[in-house]
Amino acid sequence: MPPLLALIICIAFIVYLLKTDSNHHPQSSIALWAPLIWMLYIGSRPISMWFDSGATSSISPGSYLEGSPLDRSLFMVLIVIGLLILFQRKLQWSVFLKSNKWVFLFFLYSLISTQWSDYPFVSFKRWFKDMGNLVMVLIILSDNDPLEALKTIFRRLTYTLIPLSIVFNKYFSEIGRSYSPITGRPFYQGVADGKNGIGILCLVCGFYFLWNLYTNFRKSNVTINKHEAFLHVLFLAMIFWVLKMADSATPLVCLVLGSLTVLGLGLPIIKNNLKNIGAFVFITAFLTIILQWVFNIWQSLISSLGRDLTLTGRTEIWEAVLKIDINPLLGAGYKGFWSGERLATLWDTLGVQLIQAHNGYIETYLNLGLIGLILLAMVIGSGYKNAKRELTAYNFNYGRFRMAILVMTLAYNITEATLSGPQVLWFVFLLTVAVEYPCNREIS
């Protein structure tokens, strides 16, 4: 099939899906287009990269620091639109602040930390983009039906980016593929800016479709929508194909962990003792440690995924960045570690142009220090508490979704850094750890 014809068919398919989804869910607020466009943007590649396919291979410390005016402008427009929507809704900001105090304290400390960055204004601009995640999360949570709003965003995100990724991978190799600067090996990236980006997109979309399909089939009092079920199966097949082509191991492992979390929480012994779920977490962690000590399951898992024990050089990266002298309590400032002389030195030392530590917790320490790590731990703890409350008091199935997202995010950040900035997994994490508005929901 000619590439242009394939693209036209793909776009027509996407338009059909979005129109059908809008007809089936007419109650969806028009305001949801703001967070949807936000997710479409952070789930694909920056506009500057669409106009310059070689942008990622020609960056310098100076150009990385400067960023793209075009991308900044789009982020600014979306954030301003989001703020206007929130102010129009006349939200009770005190309710949000009180219910999500650790999330807001983490963002507040991140803002303050820009002042001791080597480049305060650059750090502030990066923080402002991250704040856009929170604005879009609040739009979804302040919707009349937050859960249905979340589902709408996930459906439309998948309907748009997954088909385009397949077409780009198959028919537009100059767009859908990137190449390793060291080995020259091709990587399938679809609409994203690398195999990690497309991996995260597949992880998030794939888990949503798995969870929603499983949940609908488990409801005995709900008639299965055959059209919706067919789309779920179809898109799951597409997602797994893209994930296989991307050869990204971490998202696959995390997807398995998320699915096991959903299934495990449904086991009678756990479901009937949800108030003691902390004990099950402790027992699981203890058994994992024992199995690792006796059978070295970590090595077996890494080998089965075709990776080496250095996690494709990540352990060397961790060792190198932790040798850099920073303030251990405060860090280098929000997104301030990868800049200036440190950035140039690390690029020379490691021989590759990295802009993250490939570990979310180390990355947080480098930028925000021990204080940032403590605040992040409190955000994670509050997310766990909110997910547990969802499981026991409100919506059990949605509680499983929230708990699984928490597990997948924590696991993913062992080998990648996605705990800040305009990134899909960080956005979804914030969306699921936050308390919904209004807080007094009915039990379902």
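The secondary structure of the protein chain comes to 21 helices and 2 strands. The model is a predicted one. Of the 444 residues in the protein chain, 50% are buried. Among contacts between residues at least 6 apart in sequence, 77% join residues at least 24 apart.

One pairing of helices can be followed in detail. Helix 1 (residues 3-24) and helix 9 (residues 146-171) have axes that come within 10 Å and cross at roughly 170 degrees. An angle over 145 degrees counts as roughly antiparallel, and helix 1 and helix 9 are therefore roughly antiparallel to each other. From helix 1 the contact takes in Pro3, Ala6, Leu7, Cys10, Phe13, Ile14, Leu17, Leu18, Asp21 and Ser22. On the side of helix 9 it is made by Thr152, Arg155, Arg156, Tyr159, Thr160, Pro163, Leu164, Val167, Phe168 and Tyr171. Sorted by class, the residues in this contact are 14 nonpolar, 3 polar and 3 charged.

Helix 9 also appears in the interior of the model. The largest nonpolar core has 108 residues, and the largest share of this core, 13 residues, comes from helix 9. Which residues have the most contacts inside this core? They are Phe207, Phe401 and Phe427. Phe401 can serve as an example: leaving aside neighbours within four places in sequence, Phe401 is in contact with Leu150, Phe154, Phe207, Tyr208, Trp211 and Thr432. Apart from the largest core lies another, of 16 residues, with Ala320, Ala332, Leu343 and Trp347 among them. In soluble globular proteins, nonpolar side chains tend to be buried together.

Phe427, named above for its contacts in the core, belongs to helix 21. Helix 21 covers residues 424-433 and is mostly covered, with 10 of its 10 residues buried. The buried residues include Trp426, Phe427 and Phe429. Thr432, a contact of Phe401, is also one of the buried residues of helix 21.

The charged residues come next. Side chains of opposite charge can pair when their charged atoms come close. A search of the whole structure finds 7 salt bridges. One of them joins Arg342 to Asp118, with the closest N and O atoms 3.0 Å apart. This pair links distant parts of the chain, 224 residues apart: Arg342 is in helix 18 (residues 340-350), while Asp118 is in the loop between helix 7 (101-113) and helix 8 (120-141). Is each partner buried or partly exposed? Arg342 has a relative accessible area of 16%, so it counts as buried, whereas Asp118, at 45%, counts as partly exposed.

Two further salt bridges differ in their surroundings. Glu148 pairs with Arg155, the closest N and O atoms being 3.6 Å apart. Glu148 is buried, with a relative accessible area of 18%, and Arg155 is buried at 5%. Glu319 forms a salt bridge with Lys323, where the closest N and O atoms are also 3.6 Å apart. Here Glu319 is partly exposed, with a relative accessible area of 47%, and Lys323 is exposed, at 63%. Elsewhere, salt bridges that share partners join Asp21, Glu148, Arg155 and Arg156 into one network. Within this network, Asp21 belongs to the contact from helix 1, and Arg155 and Arg156 belong to it from helix 9.

Key:
Residues are numbered from 1 along each chain as its sequence is written. This is a predicted model: local features need pLDDT of at least 70, side-chain atom pairs count only at pLDDT 80 or more; totals for chains, interfaces and linings use all residues. Side-chain values use heavy atoms; hydrogens and water are left out. Axes are lines fitted to C-alpha atoms, for helices over the stretch in contact, and angles run from 0 to 180 degrees between N-to-C directions. Helices (H or I, at least four residues) and strands (E, at least two) are DSSP runs, numbered from the N terminus. Angles under 35 degrees count as roughly parallel, over 145 as roughly antiparallel, 65 to 115 as roughly perpendicular and the rest as oblique. Contact means heavy atoms within 4.5 Å. Ala, Val, Leu, Ile, Met, Phe, Trp, Tyr, Cys and Pro count as nonpolar, Asp, Glu, Lys and Arg as charged, and the others, Gly among them, as polar. A nonpolar core is a set of buried Ala, Val, Leu, Ile, Met, Phe, Trp, Tyr and Cys residues joined through side-chain atoms within 4.5 Å. Buried means under 20% relative accessible area, exposed over 50%, partly exposed in between (1.4 Å probe, protein chains only). A salt bridge is a side-chain nitrogen of Lys or Arg within 4 Å of a carboxyl oxygen of Asp or Glu.
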